[in-house]
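This note is intended for a colleague who is meeting the structure for the first time. The points below go from the overall fold to single residues.

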Amino acid sequence: RATVRANRITGSSYHGIRTTGASTIADNVIDSACLSLDDCGGIYVYGAATIGTLISDNLVSNILGNLMGKPAGTTVQSEGIYLDDHANGVTVSGNTVSGAETGILLHNAFGNTVSGNVLYGNRKHQIWLFEDSTALNPSGDLYGNVITDNQLFPLTPTAALGQQSTFAETARFATFDRNRYSCLISARVVSEAWPLGSNAFTFQAWQAATTSAGALRSPDANGSAVN
């Protein structure tokens, strides 16, 4: 239940800011985090007690990560804003994130709102939703999130938005609306993967996406793409 406001944090070995209970993290500058350890965030919150947390108007950049000591074949896990392991009821709004592996990661997180953020030049995805737990929900612990009014601008030919589950399809992860995607580097704006398949979508195909049973999902009905 902390208030962390108007700090400048540079060169941290692990997380730049980490909280557990309902906290406010606002108006901070976090630069060059995750320099020694990996699976790490510029701003990191986790656990079921996070309901009511506000992460707003922070500037997060150069979240590097470190592969030293990790098994061969693994990748860097360095996230700008990281909602982990049953984080719920968190609002992430008005932040700018650049130079992370992923701009904003929701990992087994539910009922969160991600709105009005600028995500620029993050290396893997600008927003990534990843599920590998059924501890709280037999259908999967990543569901019911709301992702609106964000600007997603990759500088590499990877999907701006990535969704991945080790259990089932990803359609229940979140609702999407009024997000703006850059297609200047790649026409593919969204990628999805689950045990029985995968998809890659252009913006138009994303708006027309269906489940494997043919049900229309209508993601980002009021979104837009910059070509």
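1. Overall architecture. The secondary structure of the chain amounts to 1 helix and 23 strands. The radius of gyration is 16 Å, close to the 17 Å that the globule rule gives for 227 residues, so the chain is as compact as a globular protein of that length. Taken along the principal axes, the C-alpha atoms fill a box of roughly 45 × 40 × 40 Å. The reader should bear in mind that this is a predicted model.

2. Burial, contacts and surface. Of the 227 residues, 51% count as buried. Among the contacts with a separation of 6 or more, 61% join residues that are 24 or more positions apart. The chain exposes about 9400 Å², and carbon and sulfur atoms supply 53% of this area. As for charge, there are 12 positive and 17 negative charges, and their mean positions are 3 Å apart.

3. The nonpolar cores. The largest nonpolar core has 43 residues, and those with the most contacts inside it are Ile-55, Leu-83, Leu-129, Leu-161 and Tyr-181. Strand β6 (residues 40-46) provides the largest share of this core, 3 residues. A second, separate core of 5 residues includes Tyr-82, Leu-105, Trp-128 and Phe-130.

4. Leu-161. Which residues does Leu-161 contact, leaving aside its neighbours within four places in sequence? They are His-125, Ile-127, Leu-129, Leu-152, Phe-176, Tyr-181, Val-189, Val-190, Ser-191 and Trp-206. Of these partners, Leu-129 and Tyr-181 are also listed with Leu-161 among the residues with the most contacts inside the largest core.

5. Ser-182. This residue is found in strand β20 (residues 180-182). The relative accessible area of Ser-182 is 6%, under the 20% limit, and Ser-182 is therefore buried. Beyond its neighbours within four places in sequence, Ser-182 is in contact with Leu-152, Phe-153, Pro-154 and Val-226. Ser-182 and Tyr-120 are 62 residues apart in sequence, while their C-alpha atoms are 9.7 Å apart in space.

6. Thr-19. Strand β3 (residues 17-19) contains Thr-19. Is Thr-19 buried or exposed? At 5% relative accessibility, Thr-19 counts as buried. Its contacts, apart from neighbours within four places in sequence, are with Ile-25, Tyr-44, Val-45 and Tyr-46. Tyr-44, Val-45 and Tyr-46 fall within the residue range of strand β6 (residues 40-46).

7. Val-146. This residue lies in strand β16 (residues 145-148) and is partly exposed, with a relative accessible area of 31%. Leaving aside its neighbours within four places in sequence, Val-146 is in contact with Asn-112, Thr-113, Val-114 and Thr-175. From C-alpha to C-alpha, Val-146 and Ala-221 are 14 Å apart in space, with their positions 75 residues apart in sequence.

8. Backbone points to check. Most residues other than glycine have a negative phi. Against that background, two residues deserve a look. Asn-62, which is not a glycine, has a positive phi near 60 degrees. Asn-62 is found in strand β8 (residues 59-63) and counts as partly exposed at 34% relative accessibility. Asp-220 also has a positive phi, of about 50 degrees, although it is not a glycine. The place of Asp-220 is in the loop between α1 (203-207) and β23 (224-226). With a relative accessible area of 0%, Asp-220 is buried.

Key: Residues numbered from 1 in each chain as written. Predicted model: local features only at pLDDT ≥ 70, side-chain atom pairs only at ≥ 80, totals over all residues. Heavy atoms only, no water. Helix = DSSP H or I, 4+ residues; strand = E, 2+ residues; numbered from the N terminus. Rg over C-alpha atoms; globule rule 2.2 N^0.38 Å. Buried < 20%, exposed > 50% of the residue type's maximum accessible area, 1.4 Å probe, protein only. Contact = heavy atoms within 4.5 Å. Areas by Shrake-Rupley, 256 points an atom, 1.4 Å probe, with all protein chains shown as cover. Lys, Arg positive; Asp, Glu negative; His and termini not counted. Charge placed at Lys NZ, Arg CZ, Asp CG, Glu CD. Core = buried A, V, L, I, M, F, W, Y, C linked by side-chain atoms within 4.5 Å.
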